[in-house]
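Subject: A structure for you to look at

Hi,

Here is the structure I said I would pass on. Have a look at it first, and then read my notes below.

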Amino acid sequence: MASTLATDQTNDIKLTNGRASLETDALVVGAIKLRNRLQLFLGEWFLDTRLGFPWFQFVLIKNPDLGIIRRLFLKAILA
């Protein structure tokens, strides 16, 4: 059974009576993990700059290649 910390709409940890709660619904856990994966920019984490989504390299550029972008999103979704 997969679980992760429950988060609210602003991606903050959801607290109930001062305690963090776990999310166990598989669809919600998958959505939270995908959101976190897409929010991390490539090279942003100082301990491993290979992690993250290549927003600046392929998506947020002038005349992006839509085929590459589709493959990148598909790879991130299926990972």
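One definition before we start: helices (H or I, at least four residues) and strands (E, at least two) are DSSP runs, numbered from the N terminus. With that in hand, you can place Asn11 in the loop between strand E1 (4–5) and strand E2 (15–16). Please keep in mind that this is a predicted model.

**The chain as a whole**

The chain has 3 helices and 4 strands. If you follow the sequence, they come in the order β-β-β-β-α-α-α. For the overall dimensions, picture a box of roughly 50 × 25 × 20 Å along the principal axes, filled by the C-alpha atoms. The radius of gyration is 15 Å, whereas a compact globule of 79 residues would have one near 12 Å.

How much of the chain is buried? Of its 79 residues, 18% count as buried. The accessible surface comes to about 6300 Å², and carbon and sulfur atoms make up 60% of that. As for contacts with a separation of 6 or more, 23% of them are between residues 24 or more positions apart.

**Two asparagines with positive phi**

Back to Asn11. Its phi is near 70°, which is a positive value in a residue other than glycine. Asn11 counts as partly exposed because its relative accessibility is 25%.

Asn17 also has a positive phi without being glycine, in this case near 55°. You will find Asn17 in the loop between E2 and strand E3 (19–20). Is Asn17 buried or exposed? With 80% relative accessibility, Asn17 counts as exposed.

**Thr7 and its contacts**

Thr7 sits in the loop between E1 and E2. Its relative accessible area is 17%, so Thr7 is buried. Which residues is Thr7 in contact with, once its neighbours within four places in sequence are left aside? They are Asp12, Ile13, Lys14, Ile32 and Arg35. You could also try finding Val29 from here: Thr7 and Val29 are 22 residues apart in sequence, and their C-alpha atoms are 9.9 Å apart in space.

**A nonpolar patch**

Ile13, one of the contacts of Thr7, turns up again on the surface. Together with Leu5, Leu15 and Leu22, Ile13 forms a nonpolar patch there. The four residues have about 390 Å² of accessible area together. Leu15 belongs to strand E2, and Leu15 counts as exposed because its relative accessibility is 55%.

**The aromatic rings**

This is a good part to explore on screen. A pair of aromatic rings is described by the distance of the centres and the angle of the planes. The structure holds 5 aromatic pairs. One of them is Phe41 with Phe56, a tilted pair with 5.0 Å from centre to centre and 45° between the planes.

What does this pair tie together? Phe41 lies in the loop between helix H1 (26–39) and helix H2 (55–59), while Phe56 is in helix H2, so the pair links parts that are 15 residues apart in sequence. Phe41 counts as partly exposed because its relative accessibility is 27%. Phe56 has a relative accessible area of 56%, so Phe56 is exposed.

Now look at Phe53 and Trp55. Their ring centres are 4.8 Å apart and their planes are at 55°, so this pair is tilted. Phe53 and Trp55 are both buried.

To see how these residues go together, select Phe41, Phe53, Trp55, Phe56 and Phe73, which form one aromatic cluster.

**A salt bridge**

Side chains of opposite charge can pair when their charged atoms come close. How many salt bridges does a search of the whole structure find? The search finds 1. Arg50 and Asp48 form a salt bridge, with their closest N and O atoms 2.9 Å apart.

Are the two partners buried or exposed? Arg50 is exposed, because its relative accessible area is 68%. Asp48, at 19% relative accessibility, counts as buried; the cut-off for buried is under 20%.

Have fun turning it around on your screen.

Cheers

How values were computed:
Residues are numbered from 1 along each chain as its sequence is written. Side-chain values use heavy atoms; hydrogens and water are left out. Rings of Phe, Tyr and Trp (its six-membered ring) pair if their centres lie within 6.5 Å; planes under 30 degrees apart count as stacked, over 60 as edge-to-face and the rest as tilted. Buried means under 20% relative accessible area, exposed over 50%, partly exposed in between (1.4 Å probe, protein chains only). Patches are made of residues with over 30% relative accessible area and no salt bridge: like charges are joined within 9 Å, nonpolar side chains (Val, Leu, Ile, Met, Phe, Trp, Tyr) within 5 Å. Accessible areas come from the Shrake-Rupley method with a 1.4 Å probe; for residues, only the protein chains shown count as cover. A salt bridge is a side-chain nitrogen of Lys or Arg within 4 Å of a carboxyl oxygen of Asp or Glu. The radius of gyration is taken over C-alpha atoms; the globule rule is 2.2 Å times the number of residues to the power 0.38. Contact means heavy atoms within 4.5 Å.
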